Amino acid sequence: MREQTTFFGDATGARALPMVGEQKDIRYYASVPRSVLNSPTATGMGFWSINPYVGCAFGCAYCYARYAHRYAAERLNSAAAESGDTALPVDELPPWLAFERRIMVKREAPLLLRRALARPAVHSALQHESVVIGTATDPYQPAERRFRITRGILEVLTTQHGLSVTIITKSPLVTRDIDLLVRLRERANRVSVHVSLITVDRELARRLEPRAPTPESRLRAIARLRAHDIEVGVNCMPVLPGITDAADQIEALVGRIAESRASYVGACALRLQSAARARYLPFIESEFPTLADRYRRAYARSHQVSEQYRAALRERFVSVCERHGVKFGRYYEDDGDAADVVESPEFPSQLALPL
Ligand code: SF4
């Protein structure tokens, strides 16, 4: 693998970061974070989180994690400016595309995690709060085949007892690590994999998630994990109003999930915070132009679609899941979906809701 020093200045501005690989139009840069285990206090989420990469090559149009790359890139840009470096590679691309094509790899992540776990306060906190891997990146994106950072992290976690570990992914590559997931569980840790799947329509998935694994391959991965008795939740998230929310689409989706023997299903409607909005709304204008006005209205005053829509969506999932004999919402029912909502005026969805 080629390694060359290039423009990505690190957060201190003290040195440039090496480019550690290329894969077609994607470049990988070694990132040197101070820590890799994010505390609930640092993120405002109710759990610890680990993100082995910054950026994600799967390139989902609705991705909410683009903010993380922009934030990292801005820090690097400003550090580079101070140290006299110029022409950061992210500048070649619009930020939404840099997120997908300029991936930062946290090669030291396993080592940093081992160090963090050696601290008694961290070790003790982790006995009470979950660790989620992949809250702002996909830990099994193509980079993982090459860099194996997620696998290194799991190897460190298998030295622990009494943890609750969740992995969020769209990739069947997670099945490569079944050996470690089983070992984790054998050591009295709770393990669950959350596979994200918003449609079983392959062509539609390709438009929405251009480089992500096919729905079929994700369903096969779920079945494989379940065959090893690993808990698998399916995140039908986000449900895209007017695009993936038709009754027959939800029926087909939940039916296939039930066949794969997933442990439970979660669903919630699209939220559009600023970085996601900046990519998603232009995407809708070009790919689904007839929906553009309705999206603009529905998300005009809030990052959430109306409460009425969300309630109907939930009702629909509850009843379809019941019919197919799969649990709904085990982890998601108290996720704050109904909280802090400023009402958005409307979304005339295919759920046939009142406007
Ligand atoms: S897989 Fe997840 S992190 Fe990656 S682009 Fe899609 S939504 Fe974003």
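Contact, in this talk, means heavy atoms within 4.5 Å. Keep that in mind, since Pro238 comes up later with its list of contacts. And a caution before we go on: this is a predicted model.

Start with the chain as a whole. It has 355 residues, and 57% of them count as buried. The secondary structure comes to 14 helices and 13 strands. Now take contacts between residues at least 6 apart in sequence. Of these, 77% join residues at least 24 apart.

Next, the sheets. One is an open sheet of 8 strands with mixed pairing. Its order is β4-β5-β8-β9-β10-β11-β12-β13. The edge strands are β4, residues 37-38, and β13, residues 327-328, and each pairs on one side only. Inside that order, look at β5, residues 48-50, and β8, residues 131-133. They pair in the parallel sense, over 3 bridges. Trp48 has Val131 in β8 as its bridge partner.

Now strand β7, residues 102-105. Which way do its residues point? Arg102 and Met104 go one way, Ile103 and Val105 go the other, and all are buried. β7 has strand partners too. With β3, residues 26-30, the pairing is parallel, over 4 bridges. There, Tyr28 stands opposite Ile103. With β6, residues 53-54, β7 runs antiparallel, and 2 bridges join them. Met104 is the bridge partner of Val54.

On to the ligand. Which residues are around it? Cys56, Phe58, Gly59, Cys60, Cys63, Phe99, Thr137, Asp138 and Lys170. By class, that shell divides into 5 nonpolar, 2 polar and 2 charged.

Then the cavity. A search of the whole structure finds 1 cavity of 30 Å³ or more. The largest cavity has a volume of about 40 Å³. Its lining is Ile198, Cys236, Met237, Pro238, Val239, Thr244, Ile250, Leu253 and Phe317. What is the character of that lining? It divides into 8 nonpolar, 1 polar and no charged residues. Strand β11, residues 231-239, and helix α11, residues 247-259, each supply at least two lining residues. The largest share, 4 residues, comes from β11.

That brings us to Pro238. This proline lies in strand β11, and it is one of the residues lining the largest cavity. Is Pro238 buried or exposed? The cut-off for buried is under 20% relative accessible area. Pro238 has 12%, so it is buried. What does Pro238 touch? Leave out residues up to four places away in sequence, and the list is Tyr62, Ile198, Thr244, Cys268, Ala269 and Leu270. Two of those names, Ile198 and Thr244, also appear in the cavity lining. Take Ala269 from the contacts. Pro238 and Ala269 are 31 residues apart in sequence, yet 5.1 Å apart in space, C-alpha to C-alpha.

There is one more thing at this spot. Most peptide bonds are trans. The bond from Met237 to Pro238 is cis, with omega near -5 degrees. Met237 also lines the cavity.

Now a helix, α8, residues 178-186. Its buried residues are Ile178, Leu180, Leu181, Val182 and Leu184. An α-helix has 3.6 residues a turn, so residues three or four places apart point the same way. What do the buried residues of α8 pack against? Two helices, α7 (149-157) and α10 (215-227), and two strands, β9 (164-169) and β10 (190-196).

Last, the backbone after α8. Most residues other than glycine have a negative phi. Ala188 follows α8, and its phi is positive, near 65 degrees. Ala188 is found in the loop between α8 and β10. Its relative accessible area is 56%, and that makes it exposed.

Lys24 is another case. It is not a glycine, yet its phi is positive, about 50 degrees. Where does Lys24 sit? In the loop between β2, residues 16-23, and β3. Is Lys24 buried or exposed? The cut-off for exposed is over 50%. Lys24 has 84% relative accessibility, so it counts as exposed.

To close, set two of these places side by side. Pro238 is buried and follows a cis bond. Lys24 is exposed and has a positive phi.

Definitions and conventions. Residues numbered from 1 in each chain as written. Predicted model: local features only at pLDDT ≥ 70, side-chain atom pairs only at ≥ 80, totals over all residues. Heavy atoms only, no water. Near = heavy atom within 4 Å. Nonpolar A, V, L, I, M, F, W, Y, C, P; charged D, E, K, R; others polar. Buried < 20%, exposed > 50% of the residue type's maximum accessible area, 1.4 Å probe, protein only. Pairing = 2+ DSSP bridges. 1 Å grid on protein atoms, 1.4 Å probe; cavity = no way out; pocket = protein on both sides within 12 Å on 5 of 7 lines; lining within 4 Å. Points joined across faces, edges and corners; volume = space filled by probe spheres on them.
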